[in-house]
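The following exercises are to be worked with the sequence and the structure at hand. Each task is followed by a solution in steps.

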Amino acid sequence: MTSPIATILIVDDEPKNRSLLEVLLKPEGYLTVTANSGEEALAMVEENPPDLILLDVMMPGMDGYDVAAKLKTNPATRNLPIIMLSALDDRGSKLAGLSAGAEDFLTKPIDRAELWVRVRNLLRLKEYSDFLAQHNQLLEQAVRGRNEEITERKRAETQIIRLNRLYAILSDINAAIVRIRNRQELYTEACRIAVEHGHFRMAWIGSVDSKGTGLSPLAWSGFDEGYLDKITLAIRNNEADTLVLAMRALQEKKPVVCNDIDSDPKLAHWHIDARQRDYRSMGVFPLMGDDQPVGLFVLYASELNFFDMEEIKLLTEVTANISYALEYIKKEEKLNYLAYNDVLTGLPSRTLFHDRLVQALTNAHRHRDRLGVLFIDLDNFKNVNDSLGHHAGDMLLKQVAAMFSVCMREGDTVARLGGDEFVVILDSMTSEDDAWMVSQKILKLMTKPLTIEGHELLVTCSIGIALYPKDGEDAKALLQSADGALYLAKNKGRNNAQFCTAEMNAKALERLTLENDLRQAINRQEFLLHYQPRVDLISGEITGMEALVRWQHPVQGLLYPTKFIPVAEESGLIVPLGEWVLRTACEQNKAWQRAGLKPVSIAVNLSARQFKQQDLVEIVTRMLKETELDPSYLELELTESMVMQNVEAAIATLSQFQAIGVKLAIDDFGIGYSSLNYLKHFPISFLKIDQSFVRDITTNRDDAIIAKIIISMAHDLGLKVIAEGVETDGQKSFLSLHHCDEMQGYFFSMPIPAEEFEILLRERCCMSMTKPRLL
Ligand SMILES: Nc1nc2c(ncn2[C@@H]2O[C@@H]3COP(=O)(O)O[C@H]4[C@@H](O)[C@H](n5cnc6c(=O)[nH]c(N)nc65)O[C@@H]4COP(=O)(O)O[C@H]3[C@H]2O)c(=O)[nH]1
């Protein structure tokens, strides 16, 4: 097939666009003609059909879609290839153009190289289809003149089938290139088309590493039966000599074919495998990027001598088009990356941050979650830039960005807005304190000097905190609040974090002071334990006690756990505090036993953080050993949520406690998961019904029913039930009536200091079952 000079009709109502396209196409050797409207274009096509049309979509009067539809419904112009031109880059416009019949679509501003490739491909396809049409005519003539050479007809038929196949591959792969913007999808589709339309037995595509030799198969289609696994193994074992054709194609950067695998001695190690799968010929076509091989398109056919000149030429063209598409995807990825990421730090950029914030706010709104935004500004960044230069400034920003990222949880976003401004989105916070804690973590992190280009620098930062929904319900309002809070932080002398409201700042300050005091309280021995008796419901005897921690604060007086346990938990101070409680409780119980008082067990509350400690069982064992308390006199109280968080790990830890003889109780039962069903898997001895059920047990029918159910189901599971917070005779009677085993509450005694509890025990006292003792 020889190609005469192709004529291209350019249809655009903008004269500037028409001239630009002419300037781009003429040097490539094409003849160009122009029309300034759809109507004029149709008239010109009728008079003198071009070889290809570049058709603008948006034109006054008849638009590009109408023109394409008209041409494609007319049998005389149906085969004219059309490339639509539009400033709209959306999928919908492209699909509308393609469904109007256009073969291809280009987005304005037109990329010169892309225009050339698309025009060249479509002209080539047209050449094939014209050629096919001519042959069809010849064939029809041949059929009509029955006596003409049969062999010639057969040859023409075979040629037509073959060309049809080539045409199908080229056109389908070109359509895939226009449609697909994802590398893997493109590979998979190209292999599928080669097998389904090109009738190859198998096709695979592999990528090549940056050294140009390491190959990894990424997509395949057709009859493989483990062949690709063997190739992958050969690659992994570095058997370059068994992959001769692939290696040659990579080195020579051009196609390599073998038209008879079975008799090629270089492929001897593949003979059996190839024969079993009916692979007779194979072709290896390199995919190129920046003049270097980036991959290979490998095709196997079940005919001998499958790859003739025409076939190789076409497949070379197909691979050139795939290579072009890969380059395009790479460019697009780079552009996307640059649009969404800060090049210096690799953090999300302002645009991506904004997208994520809007997304996070939508989720928070839907799930009624809280969300926090922190605005962070480095305090002395300008000094670094001025004194050490911009390069040092850049290095500092990179280090700081990496440090910020490290202290975030998965799901949180750290972004750089520009300069020394960073911003953090804290997703799904459990409490408002979370934002405060993260800000403190960041401030703490920044107290460590950084080494930048040999200089040791101390760079502090100021942080503004805003919370959704209270400080703003949309991205703009929230950012304004965070910015306002940052201003407050700067005004307060920098190196601190501020909320945007006075009330929140006061709370934060209080919390911060409490945490600092708590830190010193352990060393200053400001903690003490109070003990609350547990009473047997039938005999009224004291069966045990619960140790409850108190803090004798030097300024604020006696503080109760609800005031400081959450802060201790969040700051990690609960671990040393918890150990102190355990040791003191065991020591005290042993001391009473040594003094000859009635031996009873002591219950100690464990916090969630303590329960997660890897060496908790060892710590408890050590405490028991050191205090010489028999393990059967120690009970550990856990909440439902603690054991339900990781059921398997919880069962393992609880079993270890059971093995050493320590008893276990589930505290506050009923308010958590209410999964009595699960409880049978835990080796526990007691269930403590939460106060909130006991409170209204005599007045609220639901609470009464729940309490009754908990008691009877716990008994079925062999557990003892303890009711907490029993304050009245009515509550006590109800619980006795329904066979609750033990009780604890102000009705019997408030939690009391050790000396008072000792008196209770010394009296070997049966608690009064009729009148409140200490209320
Ligand atoms: N209204 C009312 N309240 C009653 C009555 N009887 C007892 N209480 C109170 O209910 C709480 C029972 O302890 P809890 O459920 O384990 O709940 C405890 C426990 O979860 C935690 N806690 C106390 N000590 C420790 C400790 O050493 N370590 C840990 N991790 N948590 C502790 O703090 C929570 C509160 O402790 P406290 O303030 O001592 O409050 C105690 C106790 O004083 C009653 O009849 N009516």
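**Exercise 1. The sheet.** In what order do the 5 strands of the open sheet lie, and which are the edge strands?

*Solution.* The model is a predicted one.
Step 1. Reading across the open sheet, the 5 strands follow the order 2-1-3-4-5, and their pairing is parallel.
Step 2. An edge strand pairs on one side only; this holds for strand 2 (31-35) and strand 5 (104-107).
Step 3. From one strand to the next, the twist averages 20°.

**Exercise 2. Two paired strands.** Determine how many bridges join strand 1 to strand 3, and state which residue of strand 3 stands opposite L9.

*Solution.*
Step 1. Strand 1 covers residues 7-11, and 4 bridges join it to strand 3.
Step 2. These two strands run parallel.
Step 3. The residue of strand 3 that stands opposite L9 is I53.

**Exercise 3. Residue D56.** Locate D56, and decide whether D56 is buried or exposed.

*Solution.*
Step 1. D56 belongs to strand 3, which spans residues 52-56.
Step 2. A residue counts as buried if 20 or more other C-beta atoms lie within 10 Å of its own. For D56 there are 26 other C-beta atoms within 10 Å, and therefore D56 is buried.
Step 3. Apart from its neighbours within four places in sequence, D56 is in contact with V11, D12, D13, N17, G64 and L85.
Step 4. An unreviewed UniProt entry places the feature "modified residue: 4-aspartylphosphate" at D56.

**Exercise 4. Two packed helices.** Describe how helix 19 and helix 21 pack, and name the residues of each that meet.

*Solution.*
Step 1. Helix 19 consists of residues 574-594, and helix 21 of residues 616-627.
Step 2. The two helices pack at an angle of about 35°, and their axes are 9 Å apart. The crossing of helix 19 and helix 21 is right-handed.
Step 3. Helix 19 contributes E579, L582, R583, C586, E587 and K590; these meet I619, V620, M623, L624 and T627 of helix 21.
Step 4. Sorted by kind, the residues of this contact are 6 nonpolar, 1 polar and 4 charged.

**Exercise 5. The whole protein.** How many helices and strands does the protein have, and what percentage of its residues count as buried?

*Solution.*
Step 1. The secondary structure comes to 28 helices and 27 strands.
Step 2. The protein has 775 residues, of which 36% count as buried.
Step 3. Among contacts with a separation of 6 or more, 63% are between residues 24 or more positions apart.

How values were computed: Residues are numbered from 1 along each chain as its sequence is written. This is a predicted model: local features need pLDDT of at least 70, side-chain atom pairs count only at pLDDT 80 or more; totals for chains, interfaces and linings use all residues. UniProt positions are given in the numbering used here, feature names are shortened, and annotations may be inferred rather than shown by experiment. Helices (H or I, at least four residues) and strands (E, at least two) are DSSP runs, numbered from the N terminus. A residue is buried if 20 or more other C-beta atoms lie within 10 Å of its own, exposed if 12 or fewer, and partly exposed in between; C-beta atoms are placed from the backbone. Two residues are in contact if their C-beta atoms, placed from the backbone, lie within 7 Å. Two strands pair if DSSP finds at least two bridges between them. Axes are lines fitted to C-alpha atoms, for helices over the stretch in contact, and angles run from 0 to 180 degrees between N-to-C directions. A crossing is left-handed if the near helix is turned anticlockwise from the far one by less than a right angle, and right-handed if clockwise. Ala, Val, Leu, Ile, Met, Phe, Trp, Tyr, Cys and Pro count as nonpolar, Asp, Glu, Lys and Arg as charged, and the others, Gly among them, as polar.
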